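Here is a quick tour of a protein model. Have a look at the fold below, then read on for the details.

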Amino acid sequence: MTRRAALAGAALAAALALLYALDPASAGFVLCPVRAFSGLACPGCGSLRGVHDLLHGDWRAALGHNAILPMTLPLLAWLAGCWIAGRRPRVPQGLAVALLVAALVFAVARNT
């Protein structure tokens, strides 16, 4: 294991342990900058609360905080794994465009 992979793994484990222990809904975590400046919820709003709920096994609450979070976690895990391993992820252009469109549609839908 490379030093980079070990440090990234340790940082991820520490962040998840902290997120497991502290509820972002009541611990005073920083508000999303998009929401703070515009008042609109971005596609990522609610993700910290959603990950906290997933760590506690509450899928229903996680979906309530951010409906696309559980569907994007495998992709995020793959991207993080590529980064830790020092490889450049190769996402097909069609998939990248589809994900961008889905995030924009989700952002519009949750703000209407």
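## Leu55 and the surface patch

Let's start with Leu55, which is partly exposed at a relative accessible area of 33%. This is a predicted model, by the way, so take every value here as computed from it. Leu55 sits in helix H3, and on the surface Leu55 joins Leu12, Leu16 and Tyr20 in a nonpolar patch. Together, these four residues offer about 340 Å² of accessible area.

Which helix gives the patch its largest share? That would be H1 (residues 3-21), with three residues.

## The overall picture

Stepping back, the protein has six helices and zero strands, so the pattern along the sequence reads α-α-α-α-α-α. The C-alpha trace spans about 45 × 40 × 30 Å along its principal axes.

Of the 112 residues, 19% count as buried. The accessible surface comes to about 7800 Å², and carbon and sulfur atoms account for 69% of that. As for contacts between residues at least 6 apart in sequence, 53% of them join residues at least 24 apart.

## Inside helix H3

Back to H3, which covers residues 47-55. Its buried residues are Gly50, Val51, His52, Asp53 and Leu54. What lies over them? The cover includes H1, helix H4 (59-65) and helix H5 (69-85). Just past the end of H3, Gly57 takes a positive phi of about 80°.

Asp53 deserves a second look. This H3 residue is buried, yet Asp53 has no salt bridge. The nearest side chain of opposite charge belongs to Arg49, and that is 7.3 Å away. A salt bridge would need a side-chain nitrogen of Lys or Arg within 4 Å of the carboxyl oxygen, so Arg49 doesn't qualify. Leaving out residues up to four places away in sequence, Asp53 touches Asp58, Ala61, Ala62 and His65.

## His65, the view from H4

One of those contacts, His65, lies in helix H4. Is His65 buried or partly exposed? With 24% relative accessibility, His65 counts as partly exposed, because the buried class stops under 20%.

Setting aside residues up to four places away in sequence, His65 touches Cys45, Gly46, Arg49, Gly50, Asp53 and Arg110. Two of these names, Gly50 and Asp53, also appear among the buried residues of H3. His65 can be placed against Leu48 as well: they are 17 residues apart in sequence, and their C-alpha atoms are 8.7 Å apart in space.

## The cysteines

How many disulfides does the model hold? The count comes to zero. Cys45 is in no disulfide, and the nearest cysteine sulfur, that of Cys32, is 3.5 Å away. The cut-off for a disulfide is 2.5 Å between the sulfur atoms, so this pair isn't counted as one. For background, a disulfide is a covalent bond between the sulfur atoms of two cysteines.

Cys45, which is also one of the residues that His65 touches, is buried with a relative accessible area of 7%. Cys82 is buried too, at a relative accessible area of 3%.

Terms used:
Residues are numbered from 1 along each chain as its sequence is written. This is a predicted model: local features need pLDDT of at least 70, side-chain atom pairs count only at pLDDT 80 or more; totals for chains, interfaces and linings use all residues. Side-chain values use heavy atoms; hydrogens and water are left out. Helices (H or I, at least four residues) and strands (E, at least two) are DSSP runs, numbered from the N terminus. Buried means under 20% relative accessible area, exposed over 50%, partly exposed in between (1.4 Å probe, protein chains only). Lys and Arg count as positive and Asp and Glu as negative; His and the chain ends are not counted. Contact means heavy atoms within 4.5 Å. Patches are made of residues with over 30% relative accessible area and no salt bridge: like charges are joined within 9 Å, nonpolar side chains (Val, Leu, Ile, Met, Phe, Trp, Tyr) within 5 Å. Accessible areas come from the Shrake-Rupley method with a 1.4 Å probe; for residues, only the protein chains shown count as cover.
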